[in-house]
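Here is a structure to read step by step, with questions about why its parts are described as they are. Each answer sets a value beside the rule that applies to it.

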Amino acid sequence: MISRQSTGSRPLLDELPDRWRGLHDAGPVRYDDKQGVWQVLDHETVATVLADPATYSSDLSALAPTQSDFETFTQGNFVGMDPPEHRKLRTLVSQAFTPRVVHGLGPRIEAVCARLLDAVADRDRFDLVDALAYPLPIIVIAELLGIPAEEHRLFQEWASVLFGGDQLGEAPDMADLERALEAIAPTVREMNSYMLEHIRARRADPGDDLTSRLIAAEVDGVRLADQEMVGFVALLLVAGHITTTALLGNAVVTFDRHPGTDAALRSDPARIPAAVEEVLRWLPPFPELGRRVTRPVTLGGHELPADALLMAHLGAANRDPARFAAPDVLDIARTPNPHLTFGHGIHFCFGAPLARLEARIALRMLQERFRILAIPSYEDIAYQNPAVIIGVRHLPVEVRRP
């Protein structure tokens with residue numbers, strides 16, 4: 001298993017971009033013998049794959065190990081669905097999770113940030129993940145769903161089990177995945193039961209929250225069944241917050257590793273949105289998206305058989321020199337920045353606007369609260385397993401106030 005610190009003398013989040021850069025040497029498409037998967041690496045081909053669900057299916061159930069608790073969870077998880085089922089669930093969700101709803105969360109995000117930063121007001125050192133990057137998005141999304149935000153430690157435990165990757169090595173095979181599924185099945189069972197109870201309570205007593213709006217939404221006279229909603233609400237609560245957690249940690253590390261970046265943003269906070277986009281390009285939290293080839297195809301000069309497993313490598317595509325000028329340079333003013341971190345096509349991440357809003361507000365408020373925010377020791381950082389998610393588990397920082 002890859003070290004949570006690094007595989008060498010450099011921090012892990014420095015090493016990963018170098019690895020992704022080297023993948024391009026093999027051409028736009030390569031076969032990974034170790035994992036038995038095809039990798040798509042250039043921006044154009046990755047975008048083509050993600051935009052063609054008929055040829056490259058998101059439904060990997062035929063290739064992945066099965067587990068009954070996960071089958072229950074995936075009923076409403078439209079990330080792993082193809083049209084027409086995907087359209088129905090996505091349309092229902094879009095009715096409830098509108099841009100207006102997201103935009104209206106700005107003041108609440110600021111208030112939660114302020115409260116969390118007030119809690120460390122008397123400390124010159126603290127863990128940024130524990131203090132802000134984890135609780136901020138989980139509190140916001142729990143409140144949005146009408147779920148008690150004070151139970152966020154329980155949600156953190158679920159996310160830690162689901163995304164910790166403790167059972168996986170850096171290049172997991174099917175046997176690794178089977179063991180991991182069995183190990184985390186009890187957590188998925190607990191999460192399913194919790195979500196089902198919450199949904200039934202909201203159906204009996206609707207409120208002004210996203211869960212209630214999902215219950216009321218309908219497409220062509222069809223509404224979501226309770227069990228379908230379990231997968232979606234759990235997806236929002238657990239997977240939805242972990243992206244923002246990773247993004248915030250990655251941003252602080254990236255700015256610290258590139259001298260002058262923090263000062264440039266402090267001198268002109270209007271540049272923060274572009275800087276967030278560049279961090280997303282630089283370190284995508286989920287750098288690979290799996291697809292199943294539905295029919296024999298020729299891709300990048302290679303013949304891929306039906307039911308082949310294909311990994312669209314966002315980390316490599318985001319460093320494609322054919323698409324990005326100076327792709328190996330962190331440019332916080334990069335524009336345009338057509339990174340693929342949030343996907344492309346029908347599965348473009350519907351939570352992207354919320355993640356962006358949370359990151360922009362949190363980074364601005366960190367700079368307003370602290371004259372200096374630095375990482376005193378990279379030896380003390382604990383990383384996530386990069387086979388699952390790119391981010392930090394613990395990020396001790398040192399601050400100085402105005």
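Q: Which residues in α2 are buried?
A: In this predicted model, the buried residues of α2 are H43, T45, V46, A47, V49 and L50, where buried means a relative accessible area under 20%.

Q: What makes helix α2 mostly covered?
A: Helix α2 runs over residues 43–50, and six of its eight residues are buried, which is the count behind the description of this helix as mostly covered.

Q: Why is helix α14 called largely enclosed by the rest of the structure?
A: Helix α14 spans residues 272–282, and because nine of its eleven residues are buried, the helix is described as largely enclosed. Those buried residues are I272, A275, V276, E277, E278, V279, L280, R281 and W282.

Q: Against which helices do the buried residues of α14 pack?
A: They pack against α1 (12–23), α12, α13 (261–267) and α16, where a contact requires heavy atoms within 4.5 Å.

Q: Why are α8 and α12 described by the word that they are, given their angle?
A: Helix α8 (residues 135–145) and helix α12 (residues 226–257) pack at an angle of about 155 degrees, their axes lying 8 Å apart. Angles over 145 degrees count as roughly antiparallel, and α8 and α12 are therefore roughly antiparallel to each other. The crossing in which α8 passes α12 is right-handed.

Q: Which residues meet where α8 and α12 are in contact?
A: From α8 come L136, P137, I138, I141, A142 and L145, and these meet V233, L236, L237, G240, H241, T244, T245 and L248 of α12. Sorted by kind, the residues of this contact are ten nonpolar, four polar and no charged, with Gly counted among the polar ones.

Q: Why are α6 and α16 called oblique to each other?
A: Helix α6 (residues 106–118) and helix α16 (residues 352–369) pack at an angle of about 45 degrees, with 10 Å between their axes. Angles under 35 degrees count as roughly parallel, and those from 65 to 115 as roughly perpendicular; the angle of about 45 degrees falls in neither range, and α6 and α16 are therefore oblique. Here too a handedness is assigned, since α6 passes α16 in a right-handed crossing.

Q: What residues make the contact of α6 with α16, and how do they divide?
A: On the α6 side the contact is made by G106, I109, E110, C113, A114, L117 and D118, and on the α16 side by L354, L357, E358, I361, A362, R364, M365, L366 and R369. The residues of this contact divide into ten nonpolar, one polar and five charged.

Q: Is H86 buried or exposed, and what value decides the matter?
A: H86, which is found in helix α4 (residues 85–96), has a relative accessibility of 4%, and because buried means under 20%, H86 counts as buried.

Q: What does H86 touch, leaving aside residues up to four places away in sequence?
A: With those residues left out, H86 touches F78, M81, I346 and H347. A polar atom of the H86 side chain lies 3.4 Å from the backbone oxygen of I346, a distance that can be set against the limit of 3.5 Å for a polar contact.

Q: What makes the phi value of D307 worth noting, and how is D307 classed by accessibility?
A: Phi of D307 is near 70 degrees, a positive value in a residue other than glycine, and D307 is found in the loop between β7 (302–304) and β8 (309–313). Its relative accessible area is 43%, and because partly exposed covers the values between 20% and 50%, D307 is partly exposed.

Q: Where does A326 lie, and why is A326 called partly exposed?
A: A326 lies in the loop between α15 and α16, and its phi, near 45 degrees, is likewise positive in a residue other than glycine. With a relative accessible area of 47%, A326 is partly exposed, because exposed would require a value over 50%.

Note on methods: Residues are numbered from 1 along each chain as its sequence is written. This is a predicted model: local features need pLDDT of at least 70, side-chain atom pairs count only at pLDDT 80 or more; totals for chains, interfaces and linings use all residues. Side-chain values use heavy atoms; hydrogens and water are left out. Axes are lines fitted to C-alpha atoms, for helices over the stretch in contact, and angles run from 0 to 180 degrees between N-to-C directions. Helices (H or I, at least four residues) and strands (E, at least two) are DSSP runs, numbered from the N terminus. A crossing is left-handed if the near helix is turned anticlockwise from the far one by less than a right angle, and right-handed if clockwise. Buried means under 20% relative accessible area, exposed over 50%, partly exposed in between (1.4 Å probe, protein chains only). A polar contact is a pair of N or O atoms within 3.5 Å; within protein, one must be able to donate a hydrogen and the other to accept it, and residues adjacent in sequence count only if both atoms are side-chain atoms.
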